Amino acid sequence: MDIKAILSKIKKSVNSEKGKSVFTFLIFLLIATIFWFMMTLNETVQRDYRLEIAITDVPDGVVFLNEPPQYLDVSVRDKGRALVKYDWGNPPKVNIRYDYFIKRGENGVIINQEMLTNNIRGSFGSGCEILSMRPDSIKLITTTRPGEKLPVFLNISVGTQPQYAAYGDFECDFDSVTVYSLNGIPESMANIQTEHLSLRNLSETTTINVPLISPVGMRCEPSHINVTIPVEALVAKKRSLPVRFINVPKGVSGHIFPSTVEINYLVPMSMFKNDTAEPVAVVDYHNINDKSSMIPVTLNNIPDYYFNCTSTPAEVEYLIEQSINVDNSHD
């Protein structure tokens, strides 16, 4: 399209009576908006903010046993011009120096509402009125006792989609964590457990972030760990096995028909070429039923990477013969 033609059309529209009216309206609208904005900046307004909290200058060796709050929800009132910069950008961060806390006993510190209000007002400016805040005080339990290492126990159950399996060890970025406490770790505490997690219908290797359960009066560091659950597709395999008769009494012979069975099973794809297991097919003399000529086949030495392993046939025919002792001695 010709640009000169477009510009000429626009110029013609602007110079028309209708175009001049629209342009004049827009000018007055812009002026009115500017005046409204200036008046708003001079008015007292109320705003709600979520402020990030940072506790600084914590002495070496001091550990908080309860998690400090990450945010402080506040409602403030001030001139619009004082708060407009926070409406267009990030609100101020509340930095609390550790020595601002009022110490209460040897194992706890607290900053009360008055001190917290003064700290927030210092972040916004002296003309700001603090209407409300949550929490209105911060109480923390502290310890200077060194932490102790404990292994992590994964309380996770996993289910997969058909033709998939969770095979292999779960991988953690931390297999042990540091546990801090006031009075030491009880001897009966052998590990730190994750929160119970139940995963279903997995079809691929999955990594999840799992919180740890910190006992009352203790803290784990880290408080969360990443767990990778290996999931593989299953592929079908089969093989033939000879069937052995076991637990046959002395003086008795057992015969099986057929003498071999075919086993069918699924294996993870990574084990398809690395399948070195030696499963065994047996029939047990103790399973003989006088009312039937069939005896069930039992599969032994089945590795954990065999899934849905079955025998074809599941039962075989058997024949029992008594041995006859012939006495060749002469009087």
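## Helix H4

In helix H4, the residues Leu-116, Thr-117, Asn-119, Ile-120 and Phe-124 are buried. These residues cover an arc of only 160° around the axis, which puts them on the same side of H4. On the other side of H4, by contrast, Glu-114 and Gly-122 are exposed. The model described in this report is a predicted one.

Helix H4 comprises the 12 residues 113-124. At 1.5 Å a residue, H4 should span 16 Å, and its end C-alpha atoms are indeed 16 Å apart, so the expected span and the distance in the model agree. The residue that follows H4 is Gly-125, which has a positive phi, near 130°.

## The protein as a whole

H4 belongs to a protein that has four helices and 26 strands. The protein consists of 331 residues, and buried residues make up 31% of them. Its accessible surface comes to about 21,700 Å². Carbon and sulfur atoms account for 52% of that surface.

The contacts may also be described by the separation of the residues along the sequence. Among the contacts in the protein with a separation of 6 or more, 73% are between residues that lie 24 or more positions apart.

## A sheet of three strands

Strands of a sheet pair through backbone hydrogen bonds, and the pairing is either parallel or antiparallel. One open sheet in this protein has three strands in the order S12-S18-S16, and the pairing is antiparallel. Strand S12 (171-172) and strand S16 (206-211) stand at the edges of this sheet. Each of these two has a single partner strand, so one side of each is left without a neighbour in the sheet.

The pairing of S12 can be followed to individual residues. Strand S18 comprises residues 224-229, and two bridges join S12 to S18. These two strands run antiparallel. Cys-172 has Val-227 in S18 as its bridge partner.

## Cysteines

A disulfide is a covalent bond between the sulfur atoms of two cysteines. How many disulfides does the structure hold? The number is zero.

Two cysteines may be described by their accessibility. Is Cys-128 buried or exposed? Cys-128 has a relative accessible area of 2%; because buried means under 20% relative accessible area, Cys-128 counts as buried. Cys-309 has a relative accessible area of 24%. This value lies between the limit of 20% for buried residues and that of 50% for exposed ones, and Cys-309 is therefore partly exposed.

Note on methods: Residues numbered from 1 in each chain as written. Predicted model: local features only at pLDDT ≥ 70, side-chain atom pairs only at ≥ 80, totals over all residues. Heavy atoms only, no water. Buried < 20%, exposed > 50% of the residue type's maximum accessible area, 1.4 Å probe, protein only. Contact = heavy atoms within 4.5 Å. Areas by Shrake-Rupley, 256 points an atom, 1.4 Å probe, with all protein chains shown as cover. Pairing = 2+ DSSP bridges. Expected span 1.5 Å × (residues − 1). Arc of directions from axis to C-beta. Disulfide = S-S within 2.5 Å.
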